[in-house]
Amino acid sequence: MTDYVIVVAGGKGLRMGGEIPKQFLPIGGKPVLMRTLERFKEYSDTCRDASDALRLILVLPKAQQDYWRQLCEEHRFTLDYAIADGGETRFHSVKNGLCLIPDDEEGVVGVHDGVRPFVSTDVIRRCYEKARSTKAVIPATPVVETLRHLGADGGSETVPRNEYRLVQTPQTFDIQLLKEAYRQPYCDAFTDDASVVEALGHSITIEEGNRENVKLTTPFDLQIAATLLNPAG
């Protein structure tokens, strides 16, 4: 039995307002994606022995891989991982990553956004452990602000926020279940891995996430990241 994590890094960074994809932007002097991979290595190092170590798979657009290798040389980044080509959509990227896992493999696989470098190792651990029994787990946090639903007529109404959660990654699954789910034809309703698994009729278990586990998509998010790295400022 072997556990894996597929780190998906296919963003173009358009909302960042620059030419460099957001996963390569530096925070604290190191590209975001390196910090994300290191967080899973940190979790893996807490495993019982080498045979339990987490196998890392990085999914990156082929056009970005040379630049990534250049960054790895510059930062002397030598973490061990396999690399898969990014696809047309996130669905296809994850499917490409799953292809690097043997079809008969048993264990848990997580799928994580490459631009979420602040997931806690405790959240990672709890998601993997829970997936061994429930087979499909997502981390999520409570909604702390008031929510309003926009109607087709242009009006809106308040909805009970305690009935909603903000979904994060890693989303963790039994390997065979996720492989089966990704044999389905793609459809626009597949917004994350949980939605792909739900299409098979399998239920999803929610684990408590950590609020620092933000997805870095805007310049303001980079300011938040800098603060999280150096809270004393």
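**Charge pairs on two helices of a predicted model**

Arg69 has a relative accessible area of 40% and is therefore partly exposed. In this predicted model, the residue is a useful entry point to the charged side chains. Arg69 takes part in a salt bridge with Asp66, and the closest N and O atoms of the pair lie 3.1 Å apart. Both residues belong to helix H2 (residues 65-74), where a spacing of three residues separates them by about one helical turn. Asp66, with a relative accessible area of 59%, is exposed. Side chains of opposite charge can pair when their charged atoms come close.

A second group of charged residues is found in helix H4, which comprises residues 121-134. Here the side chains of Arg125 and Asp122 form a salt bridge with an N to O distance of 2.3 Å. These two residues are three positions apart in the helix, and about one helical turn separates them. Arg125 is partly exposed, at 32% relative accessibility, and Asp122 is likewise partly exposed, at 33%.

Arg125 also has a salt bridge to Glu129, at 3.3 Å from N to O. In this case the residues stand four apart in helix H4, again separated by about one helical turn. Glu129 has a relative accessibility of 44% and counts as partly exposed. Through salt bridges with shared partners, Asp122, Arg125, Arg126, Glu129 and Glu207 are joined into one network.

These pairs can be placed within the charge inventory of the whole protein. The search of the entire structure yields 13 salt bridges. The protein carries 27 positive and 34 negative side chains, and the centres of the two sets are 2 Å apart.

The overall fold provides the setting for these helices. The protein contains seven helices and twelve strands. Its C-alpha trace spans about 55 × 45 × 35 Å along the principal axes. The radius of gyration is 18 Å, which agrees with the value near 17 Å for a compact globule, because that is what would apply to 233 residues. Among contacts with a separation of 6 or more, 73% come from residues 24 or more positions apart.

Burial and surface composition complete the description. Of the 233 residues, 45% count as buried. The accessible surface amounts to about 12,300 Å², and carbon and sulfur atoms account for 49% of this area.

Technical notes:
Residues are numbered from 1 along each chain as its sequence is written. This is a predicted model: local features need pLDDT of at least 70, side-chain atom pairs count only at pLDDT 80 or more; totals for chains, interfaces and linings use all residues. Side-chain values use heavy atoms; hydrogens and water are left out. The radius of gyration is taken over C-alpha atoms; the globule rule is 2.2 Å times the number of residues to the power 0.38. Buried means under 20% relative accessible area, exposed over 50%, partly exposed in between (1.4 Å probe, protein chains only). Contact means heavy atoms within 4.5 Å. Accessible areas come from the Shrake-Rupley method with a 1.4 Å probe; for residues, only the protein chains shown count as cover. Lys and Arg count as positive and Asp and Glu as negative; His and the chain ends are not counted. The place of a charge is taken as NZ of Lys, CZ of Arg, CG of Asp or CD of Glu. A salt bridge is a side-chain nitrogen of Lys or Arg within 4 Å of a carboxyl oxygen of Asp or Glu.
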